[in-house]
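Colleague: Please take a close look at one part of this model for me, the loops and what they come close to, and then set that part against the rest of the chain. I would rather have one connected account than a list.

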Amino acid sequence: MMAAAAAVLTLAAAGCGDTGGKRDGGGGAKTLTVFAAASLTESFTALGRSFEGTHPGVKVRFNFGGSSALAQQITQGAPADVFAAASPATMKTVTDGGAASGQPQVFAKNRLVIAVPPQDPGKVAKLADLARPGLKVVLCAEQVPCGAAAEKALAAAGVRVKPASQEQDVKAVLTKVRLGEADAGLVYRTDAKAAAAQVKGIEFAESAKAVNDYPIAALAKAPQPALARQFVGLVLSGQGRTALTGAGFESP
């Protein structure tokens, strides 16, 4: 009888210990899933570590990629708690699909630079140089925010570029430049700064015509709604702004 009573107490304690949030199978830690634009990789990874430090038992899992692809995954039912996009247009896909909880808020701005290998074999100094015959240039695909921004900046400068390839996110463009597979690419200032030891970022005036706003929102079907709101709060806080501006983002 004593053993049976102990078993009942154990089961009761186990039932009371769960607050209803989704947990992973190894150790009972809650998992917060954040879908975020590839250009947020470094800054959000740091904020994720900070969030875990102030939320014992919580693991922040990131899915970084092109904002348009992430938005599509969310509207198709991919389980996620937070979405941070590199443009209002890609966030609109999520809000129009009824997948956002509340109104998205802009938390940062970003602009493009020309990324070239450290030795700059193509001798690139300005945006017009990207149209030079024989220069191997890579851009983001047009449906991706960095690609839309590149198209807008090039149009503002009256420069026509025939890219050697169009990549699905800004990190893929950066990788081709970093590996010497391209003479130049248009990437965000933050990405060039994060890879400063491997690429050189060249500022250009027309980037002011193509500044991207970055919105963030908790998601309507978030498995961890309370944690989602808290993570959004961290990004919008002074601590979040300091981390983002330190990475090269501009304040909204």
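Modeller: Ala196 is found in the loop between α7 (189-194) and β9, and because its relative accessible area is 53%, just past the 50% above which a residue is called exposed, Ala196 falls in the exposed class. In this predicted model, the C-alpha of Ala196 lies 9.7 Å from that of Ala115, although 81 residues separate the two in sequence.

On the other side of β9 comes a loop with another alanine to consider, for Ala210 sits between β9 (200-202) and β10. Is Ala210 buried or exposed? With a relative accessible area of 2%, Ala210 is buried, since the limit for that class is under 20%. Leaving aside residues up to four places away in sequence, Ala210 touches Asn110, Ala149, Lys152 and Ala153. Ala149, Lys152 and Ala153 have numbers that fall within α5 (145-157), and Glu151, whose number falls in that range too, is 8.6 Å from Ala210, C-alpha to C-alpha, at a sequence separation of 59 residues.

The loop between β5 and β6 deserves a longer stop, as three of its residues can be described one by one. Asp120 lies in this loop, which runs between β5 (112-116) and β6 (137-140), and with a relative accessible area of 8% Asp120 is buried. Lys123 has its place in the loop between β5 and β6 as well, but at 59% relative accessibility Lys123 counts as exposed. What the backbone does at these two positions is worth a check, given that most residues other than glycine have a negative phi. The phi of Asp120 is near 45 degrees, a positive value in a residue other than glycine, and for Lys123 phi is likewise positive, near 55 degrees. Further along the loop between β5 and β6 is Gly134, which is exposed, with a relative accessible area of 76%. Gly134 and Asp183 are 49 residues apart in sequence, while their C-alpha atoms are 9.6 Å apart in space.

From the loops one can turn to a helix that meets several of the elements already named. Which residues of helix α3 (residues 67-75) are buried? They are Ser67, Leu70, Ala71 and Ile74, and because the arc they cover around the axis is only 100 degrees, these residues are on the same side of α3. Their packing partners are β1 (30-37), β2 (58-65), β3 (82-84), α4 (88-96), α5 and β10 (212-219). Thus α5, the helix whose residue range holds the contacts of Ala210 noted above, is also one of the elements that the buried residues of α3 pack against. Ser67, which lies in helix α3, counts as buried at 2% relative accessibility. Beyond residues up to four places away in sequence, Ser67 touches Ala37, Phe83, Ala85, Ala86, Thr90 and Pro145. Just after α3, Gly77 takes a positive phi of about 105 degrees.

Ala86, one of the contacts of Ser67, appears again when the structure is searched for enclosed space. Over the whole structure, the search finds one cavity of 30 Å³ or more, and the largest cavity holds about 60 Å³ of space. Thirteen residues line this cavity, and the closest to its centre are Ala38, Ala86, Val144, Val170 and Tyr188. Sorted by class, the lining consists of eight nonpolar, four polar and one charged residues.

As for the setting of these details, the chain has nine helices and ten strands, and 46% of its 252 residues are buried. Among the contacts with a separation of 6 or more, 76% are between residues 24 or more positions apart.

How far to trust the model has to be weighed by region. The chain averages a pLDDT of 90, with 89% of the residues scoring at least 70. Residues 1-26, however, have a pLDDT below 50, and in the model this stretch makes 15 contacts beyond near neighbours in sequence.

Conventions: Residues are numbered from 1 along each chain as its sequence is written. This is a predicted model: local features need pLDDT of at least 70, side-chain atom pairs count only at pLDDT 80 or more; totals for chains, interfaces and linings use all residues. Side-chain values use heavy atoms; hydrogens and water are left out. Buried means under 20% relative accessible area, exposed over 50%, partly exposed in between (1.4 Å probe, protein chains only). Helices (H or I, at least four residues) and strands (E, at least two) are DSSP runs, numbered from the N terminus. The arc is that of the directions from the helix axis to the C-beta atoms. Contact means heavy atoms within 4.5 Å. pLDDT is the predictor's confidence in each residue, from 0 to 100. On a 1 Å grid over the protein atoms alone, a cavity is a set of points where a 1.4 Å probe fits but cannot get out, and a pocket is an open set with protein on both sides within 12 Å along at least five of seven lines; lining residues have an atom within 4 Å of a point. Grid points are joined across faces, edges and corners, and a volume is the space filled by probe spheres set on the points. Ala, Val, Leu, Ile, Met, Phe, Trp, Tyr, Cys and Pro count as nonpolar, Asp, Glu, Lys and Arg as charged, and the others, Gly among them, as polar.
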